[in-house]
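Please look at the following structure. The questions below ask how each description of it is justified.

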Amino acid sequence: MQAQKAQGTEDLFGGYMRAWQHMQEVASTLFDAYGFDMIETPAMEQVDTFVHGIGESTDVVRKEMFRAVSGALYEQVMGAGSESGLKPRQRLALRPEGTAGVVRAAVENNLVPQGGAPVKVWYAEAMFRGERPQKGRLRQFHQVGMEWLGAADPAADAESIIVLMEFYRRLGLDASKLRLKINSMGDATCRPAYRDSVRSFILDHADEMCDDCIERAEINPLRAFDCKNDHCREVMAAAPKVTDCLCDDCAAHYAQVKAYLDEAGISYEEDPTLVRGLDYYTRTVFEVEYAGDANIGAIGGGGRYDGLMELEGGKPTPGIGFAVGFERIALALSDAGVDMAGEEPGCVYVANTDPDLRGAAFTATLALRGAGIRTEADYQGRSLKSQFKQADKHHARLCVILGPDEVAAGAATVRDMSTHEQVSVPMGELAEGVTRMLG
Ligand code: HAM
């Protein structure tokens, strides 16, 4: 039987892989200017890292997190009928998102000492969520994200949104093609009373809502705002608005974030139903959609998480960040007619007219590659004609031809594949000559 990939996963190769690399290059240049360093945390964390941070009652943790156990433990768990006998360090999951792991890493490595300079990191990683696969919704997808720990100022919220919008612009999606939605979720002072009012609202409308939402009313009422059931969302549109219930500090923070965004000329829509699917958010949250096709889903989102460091066992430290989804941005760019993959890279092809000259071709190939030139050669003993065909398939811009006369004279013929012009270059200067001709 032919092997098949897991449902909801994709192989990245060719143009798609180049597009992912391009996105990482754009991110690297942009984040560097803002003082962010790259971080990579493990793809696998203890389940508790996600439960504490993302929240036990979120869909991401309850329904979508892929649990990971070694083969031996798997048998033990299956034999026992539950994983309750496992120690916390044995209960593992593939990361469904990057923030909880980064904050766990900051706590564990003491990256934010009390009163120290903020930590600013970015990542480009695969994430795993057991969602129902569909267009733009995968089980393994890729995010570029950033986390900024230690900055409580509303300017950090505004700058995070500004860098996010600049990232899209550099990828080829300017603000006119995007919808930026923002909201404030309040904090530990004002959120409890707001949660209670949403809970009462859901229970008052229980006959119109799905069973999941009625359960949510008891354990985490705000999650009803991101119920995937359209009718529940319609009902929730009339629920109490968080922005009407903010305490003075949260209201002032939100007003200042908006003032900074206005000053920077960033257009946004306020959406009081935007609560995001993760529990760690406090105050500012934001999400971006591609206006050309809302079916793609959010192409990025983030927000402030001032309590997360403590939830992961660290000292109280404010934090803010965002992540964007590569696959969804690729869909948006393709809809907008922007090619993120770029052209296939060209190369130089080394051809030999006679199998006896394979050694000379080997030497020339090494010299060119040593000079950093992408070089291909024949490894199948092909005729010269089919080597030329291969050169075209490899998008060769130049072909280095080695025949008996050239080798005897210690030179190579270099042919420009588009103009068909040929020049003789001494073998000792091949790399320099080819570099010059490539311009
Ligand atoms: P999120 O909104 O869950 O936030 O995910 C961020 C982005 O990842 C989404 O806007 C979307 O583009 C992409 N994404 C999410 N799920 C899928 C999926 N199943 N298939 C394809 N793409 C997907 C977070 O993950 C937070 N950690 C963001 C953050 C960072 N907040 C603060 N710091």
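Q: What makes the pair formed by Arg 129 and the ligand a polar contact?
A: A polar side-chain atom of Arg 129 lies 2.8 Å from an oxygen atom of the ligand. A polar contact is a pair of N or O atoms within 3.5 Å; within protein, one must be able to donate a hydrogen and the other to accept it, and residues adjacent in sequence count only if both atoms are side-chain atoms. The pair with Arg 129 therefore qualifies. The model is predicted: local features need pLDDT of at least 70, side-chain atom pairs count only at pLDDT 80 or more, and totals for chains, interfaces and linings use all residues. Residues are numbered from 1 along each chain as its sequence is written, and side-chain values use heavy atoms, with hydrogens and water left out.

Q: Which atoms of Leu 138 and Arg 328 lie close enough to the ligand to count as polar contacts?
A: For Leu 138, a backbone N or O atom lies 2.9 Å from a nitrogen atom of the ligand. For Arg 328, a polar side-chain atom is 3.4 Å from a ligand nitrogen atom.

Q: How much of the ligand's accessible area does the protein cover?
A: On its own the ligand has 650 Å² of accessible area, and the protein covers 96% of that (Shrake-Rupley method, 1.4 Å probe; for residues, only the protein chains shown count as cover).

Q: What makes a residue count as near the ligand, and how many residues surround the ligand?
A: One of its heavy atoms must lie within 4 Å. The ligand is surrounded by 26 residues, the closest being Glu 97, Thr 99, Glu 131, Glu 147 and Tyr 281.

Q: How do you know that there are 0 disulfides?
A: A disulfide is a pair of cysteine sulfur atoms within 2.5 Å, and a search of the whole structure finds 0. The closest cysteine sulfur to that of Cys 210 is in Cys 232, at 3.7 Å, so the two are too far apart for a bond. Cys 399 is in no disulfide either, as the nearest cysteine sulfur, that of Cys 347, is 8.9 Å away.

Q: Why is Cys 399 called buried?
A: Its relative accessible area is 0%. Buried means under 20%, exposed over 50% and partly exposed in between (1.4 Å probe, protein chains only), so the term applies to Cys 399. Cys 210 is also buried, with 19%.

Q: What does the side chain of Arg 95 reach?
A: Arg 95 is buried, with a relative accessible area of 6%. Its side chain has a polar atom 2.8 Å from the backbone oxygen of Thr 41, and the side chain of Arg 95 reaches the backbone oxygen of Ala 126 at 2.8 Å.
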